[in-house]
Structure formats: C-alpha cells, structure tokens
Amino acid sequence: MSERVIIIGSGPAGLTAAIYAARANLAPLMFEGSQAGGQLMLTTEVENFPGFPDGILGPELMDHMRKQAERFETRIQTADVTRVEFGERPFKVWVGADEYLAESVIISTGASARWLNVPGEEKLRGRGVSACATCDGFFFRDRKIVVVGGGDSAMEEAMFLTKFASKVTIIHRRNEFRASAIMVKRALEHPKIEVVWDTVVEAMLGEDEITGLSIRNVKTDEVSTMPTEGVFVAIGHTPNTEIFRGQLDMDEVGYLTLQGDGSTATSVEGVFAAGDVADSTYRQAITAAGTGCQAAIDAERWLDQE
Ligand code: NAP
C-alpha cells in the first residue's frame, strides 16, 4: 500500500509539515531519523521563535512540536532513511531493507555541522573537540577553551560556554564577525571572552586529548601554538542531501533547488522540500516551520489534482 505522504526529517520543517498534512487527512508517515528534532536539539535558549516571550529551550520547543504532530496522528518512526528512488511513482523510500511506497514525499532532512578538516581534528573529536557546546559544554568546567568561527553560531556557543569555562577564546579568520550586531556586542562585552582575529587553525594537537592548536595569522603568516583544553568548531553547516544525489537537482554545495519563488517543489513532481535542506539564506527555525507548512499545502494540492 502506498502512503499519501512520507516526511523525511523531524526538525521544525518536518514537524510543521506533519501537523498540516495530518490536519489535511493525509495521515503522514514520518521518518524522524536518529538525530530527531534537528539542530534545535543542540541549542539552548531560543529567543526569536514567536509565541515565547521569555524564550524557550530548543529541545523543549521540539518536544512541543512533536506532541502537536502526534496529536493529529502523524505516525513517527525513529529511523534513518537510507535510500530513495524517485524515478517513477509511487516513490520508493528505504530504511535498510524495508521498502515504503509514497505518492508524495516531503524532504526536511536539514543540515549538519561542518568541520575544519585539519590534521588531528577527527582523532580528537569527543576528546576535547566538539561541534556542539550544548551537548558537551558541561565537560569543560573551569577550562580554557576555544571557539572557531565568526557567525551567530560561534557567538552563541561562546556565550553558552562562559557558563562553564574559565576563559573562551574565539578564533576568527577575518577581522570582522559575520554574526548579527546584538550577538557580537554580547560576546565582545563578556569578560570571559577574548577574540583572536585574522587567524586560522592549521592543526589540532594532542594524543588522547586536545592540548593545543597550531594557528596561523593570515596577515603576517606567523605560525604559533596556542594551548587549549577544548575546541568548539562553529563554522556553519552542510545540507543533509547525500541520499538524494542523482535523484534531485541541487546546487554546488548540496542544497536542494526549488522550482521558482515561493514553491517547495523540487525537480521531481510530487517531491517537496522544506527547511534548511533547501535554504542556504535564512536557516531559522521559524522559516523552516513556515516552509514546512508550505510543503504540506503544496503536497496536498498536488495530490488533489493527480
Ligand atoms: P555562518 O553564518 O555561515 O558562519 C560561519 C562562520 O564560520 C563564518 O564567520 C565563517 O567565516 C566561518 N568559517 C566558515 N568556514 C570556515 C573555515 N573553514 N575556517 C574558519 N572559519 C570558517 O554559520 P552559523 O554561524 O552556523 O549560522 C548559520 C545561520 O544560522 C545564520 O543565518 C545565523 O544567523 C543563524 N543562527 C542564528 C542564531 C540566533 O539567532 N540565535 C544562532 C545560530 C545561528 P567568514 O565570516 O569569514 O565567512
């Protein structure tokens, strides 16, 4: 039997799509993935999601959305989709050897943290090197740590880490942050935060645990070693589109390309995309939720006319 709609991914985009699709009587089947809830599960306070004047914790917001989707009888499976076949209808979606058929699909697989890909980084991940302050910050009590990056994520991670660390040094490759003015102000004014400008990390040092960084000033080319007891990499994200390669059009980075303004249609009719997986510009929880709503409405209208 074919599902009316399968939703892949369970961040704000997927769960909003589920709420709308379920309320349109499409009885959506959602594969929430092993990292259910998406990037908000890795964040602390969310201050800019309308409706929560005092802010809300990211995981709590996702819990609310999940409960709302379930209330309207979305069927949620905690599994990663491993393969898809969009060449003919019904579309095929696999979880390992299990095959599911769908008349329409909404993709909301989001994006994942990027790494620097410098020597030592992979070996020292989980040994003082992390991309998630909310997950690992607690382990760095009273330590001197480094945050790499200059966007809002880097500022947010740095601010959060001041709760634990004795000192936080932000290393940024330029002499100006990309982050929004309010986040920059907060970070620069914080007594525990220091900034090293115009500097790149060339290697992460240490055997069993991170002990330092090899850094280079890009203006002077001077190379030096900076001792550190922890490193948080906060340099942006990559869309989670590996399983759609060859099936759907995407840009050079891997973001799914959509068919025209205001549409969530992908390059295959009947397959829609919502949230960060197709958005390299806004990447906010609220915009993801908004496009999740659009994708469900687009899917519903498309199914109606088929
Ligand atoms: P981002 O805005 O793309 O910033 C990435 C930062 O990492 C940039 O400063 C970039 O440097 C640096 N970078 C990238 N590759 C690097 C490399 N290989 N080596 C060294 N540095 C590197 O990513 P983001 O901070 O994750 O934010 C993503 C989006 O989410 C943004 O739209 C942001 O506003 C939003 N966000 C919002 C909040 C909030 O409002 N609470 C919190 C987090 C994120 P350059 O500046 O030189 O390019």
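# Exercises on a predicted model

Five of the seven residues of strand E1 (residues 2–8) are buried, so the rest of the structure largely encloses this strand. The model is a predicted one. The exercises below start from E1 and move outward.

## Exercise 1. The neighbours of E1

Task: Find which strands pair with E1, in which sense, and over how many bridges.

Solution.

Step 1. Take strand E8 (residues 98–107). E1 and E8 run parallel and share six bridges. To check the register, start from isoleucine 6: its bridge partner in E8 is valine 105.

Step 2. Take strand E2 (residues 29–31). The pairing with E1 is again parallel, and three bridges hold it. Here isoleucine 7 of the register faces methionine 30 in E2.

Step 3. Trace the connection. E1, helix H1 (residues 12–23) and E2 build a β-α-β unit, and its hand is right.

Step 4. Place the two register residues. In a regular strand, side chains alternate between the two faces of the sheet.

## Exercise 2. A charged pair between E1 and E8

Task: Identify the residue that forms a salt bridge with arginine 4, and say what the pair ties together.

Solution.

Step 1. Look for the partner. The side chain of arginine 4 meets that of glutamate 103 in a salt bridge, at 2.8 Å from N to O. The cut-off is 4 Å.

Step 2. Locate both ends. Arginine 4 lies in strand E1 and glutamate 103 in strand E8, so the pair ties together parts that are 99 residues apart in sequence.

Step 3. Judge the exposure. Arginine 4 has 32% relative accessibility and counts as partly exposed. Glutamate 103 is partly exposed too, with a relative accessible area of 27%.

Step 4. Set the pair in context. The whole structure holds 14 salt bridges.

## Exercise 3. A buried glutamate

Task: Is glutamate 121 buried or exposed, and what is the nearest side chain of opposite charge?

Solution.

Step 1. Locate the residue. Glutamate 121 belongs to helix H3 (residues 121–124).

Step 2. Settle the burial. Glutamate 121 is buried.

Step 3. Test for a salt bridge. The nearest side chain of opposite charge is that of arginine 125, 4.7 Å away. A salt bridge needs a distance within 4 Å. Glutamate 121 therefore has no salt bridge.

Step 4. List the surroundings. Setting aside neighbours within four places in sequence, glutamate 121 contacts Trp115, Leu116, Val129, Met204 and Val233.

## Exercise 4. The five-stranded sheet

Task: Give the strand order of the five-stranded open sheet, then find its edges and the helix H5 that packs on it.

Solution.

Step 1. Read the order. The strands run E10-E17-E11-E12-E13, with parallel pairing.

Step 2. Mark the edges. Strand E10 (129–130) and strand E13 (193–196) each pair on one side only.

Step 3. Examine the pairing of strand E11 (residues 144–148) with strand E12 (residues 167–171). Five bridges join these parallel strands. Lysine 144 faces lysine 167 of E12.

Step 4. Add the helix. Helix H5 (residues 152–161) packs on the sheet and touches E11, E12, E13 and strand E17 (231–233). The directions of H5 and E11 make an angle of about 165 degrees.

Step 5. Continue to the edge. E12 and E13 run parallel and are joined by four bridges. Isoleucine 170 stands opposite valine 195 in E13. Between the two strands the chain passes through helix H6 (residues 181–189), in a right-handed β-α-β crossover.

## Exercise 5. The three-stranded sheet and arginine 216

Task: Describe the sheet that holds E14, E15 and E16, and name the salt-bridge partners of arginine 216.

Solution.

Step 1. Set out the sheet. It is open, its order is E14-E15-E16, and the pairing is antiparallel. E14 and strand E16 (223–227) are the edge strands. From one strand to the next, the twist averages 30 degrees.

Step 2. Count the bridges. Five of them join E15 and E16. One register point is isoleucine 215, whose bridge partner in E16 is serine 224.

Step 3. Take the first partner. Glutamate 202 forms a salt bridge with arginine 216, with the closest N and O atoms 2.7 Å apart. Glutamate 202 sits in strand E14 (residues 199–205) and arginine 216 in strand E15 (residues 212–217), 14 residues apart.

Step 4. Take the second partner. Aspartate 221 also forms a salt bridge with arginine 216, at 2.8 Å between the closest N and O atoms.

Step 5. Compare exposure. Glutamate 202 (32%), arginine 216 (23%) and aspartate 221 (48%) each count as partly exposed.

Definitions and conventions. Residues numbered from 1 in each chain as written. Predicted model: local features only at pLDDT ≥ 70, side-chain atom pairs only at ≥ 80, totals over all residues. Heavy atoms only, no water. Buried < 20%, exposed > 50% of the residue type's maximum accessible area, 1.4 Å probe, protein only. Lys, Arg positive; Asp, Glu negative; His and termini not counted. Contact = heavy atoms within 4.5 Å. Pairing = 2+ DSSP bridges. Right-handed = clockwise from strand over helix to strand, strands pointing away. Axes fitted to C-alpha atoms, helices over the stretch in contact; angles between N-to-C directions.
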